[in-house]
Amino acid sequence: QVQLVESGGGLVQAGGSLRLSCAANGSIWSIGTMGWWRQGPGKQRELVASITTGGSTNYADSVKGRFTISRDNVKTTVYLQMSTLQPEDTAVYYCNAKIWTIGSSTFNDYWGQGTQVTVSS
């Protein structure tokens, strides 16, 4: 079985910073693209940022220049450094990864449990 364990959420004032971490563990053969999604109050879940195995990144327009995604392939961990946070960034943030588990024949999507980020004005 595979788990994605997130940490780093919390309450921060507007203009502040937070760093989210997500560690994948379990019967992992290979990890493909990893990413962060978020779901704000009354909103649909949206992609915030993603990063491929080779390090290519993709960001939502709303976070470009403020958020940075990175990964440590040895530690099978993905990070999201969030700066200049705004109240509209308030959401539950979910880690996502495409993982090929031992005994599988393909990559499958796995999700973390979510971590709350609240930005006060």
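**A buried arginine and the nonpolar core**

The backbone oxygen of glycine 32 lies 2.9 Å from a polar atom of the arginine 71 side chain. In this predicted model, a second backbone oxygen, that of threonine 52, sits 3.2 Å from a polar atom of the same side chain. Arginine 71 belongs to strand S7. Although buried, arginine 71 forms no salt bridge; aspartate 72, the nearest side chain of opposite charge, is 8.2 Å away, and a salt bridge would require a nitrogen-to-oxygen distance within 4 Å. Setting aside residues up to four places away in sequence, the surroundings of arginine 71 are made up of Ile31, Gly32, Thr33, Met34, Ile51, Thr52, Thr53, Thr77 and Val78.

Attention now turns to the nonpolar core. In soluble globular proteins, nonpolar side chains tend to be buried together. Here the largest nonpolar core comprises 30 residues, and Trp36, Leu80, Met82 and Tyr93 have the most contacts inside it. At least two core residues come from each of strands S1, S3, S4, S5, S7, S8, S9 and S11, with S9 giving the most, five residues. Tyrosine 93 also touches residues beyond its neighbours within four places in sequence, among them Glu6, Leu20, Trp36, Val48, Phe67, Leu80, Met82 and Val117.

Strand S1, one of the contributors to this core, has two distinct faces: Val2, Leu4 and Glu6 are on the covered face, whereas Gln3, Val5 and Ser7 are on the uncovered one. S1 and S3 run antiparallel and are joined by six bridges. One residue of the uncovered face, valine 5, has alanine 23 of S3 as its bridge partner.

Notes. Residues are numbered from 1 along each chain as its sequence is written. This is a predicted model: local features need pLDDT of at least 70, side-chain atom pairs count only at pLDDT 80 or more; totals for chains, interfaces and linings use all residues. Side-chain values use heavy atoms; hydrogens and water are left out. A nonpolar core is a set of buried Ala, Val, Leu, Ile, Met, Phe, Trp, Tyr and Cys residues joined through side-chain atoms within 4.5 Å. Buried means under 20% relative accessible area, exposed over 50%, partly exposed in between (1.4 Å probe, protein chains only). Helices (H or I, at least four residues) and strands (E, at least two) are DSSP runs, numbered from the N terminus. Contact means heavy atoms within 4.5 Å. Two strands pair if DSSP finds at least two bridges between them. Lys and Arg count as positive and Asp and Glu as negative; His and the chain ends are not counted. A polar contact is a pair of N or O atoms within 3.5 Å; within protein, one must be able to donate a hydrogen and the other to accept it, and residues adjacent in sequence count only if both atoms are side-chain atoms.
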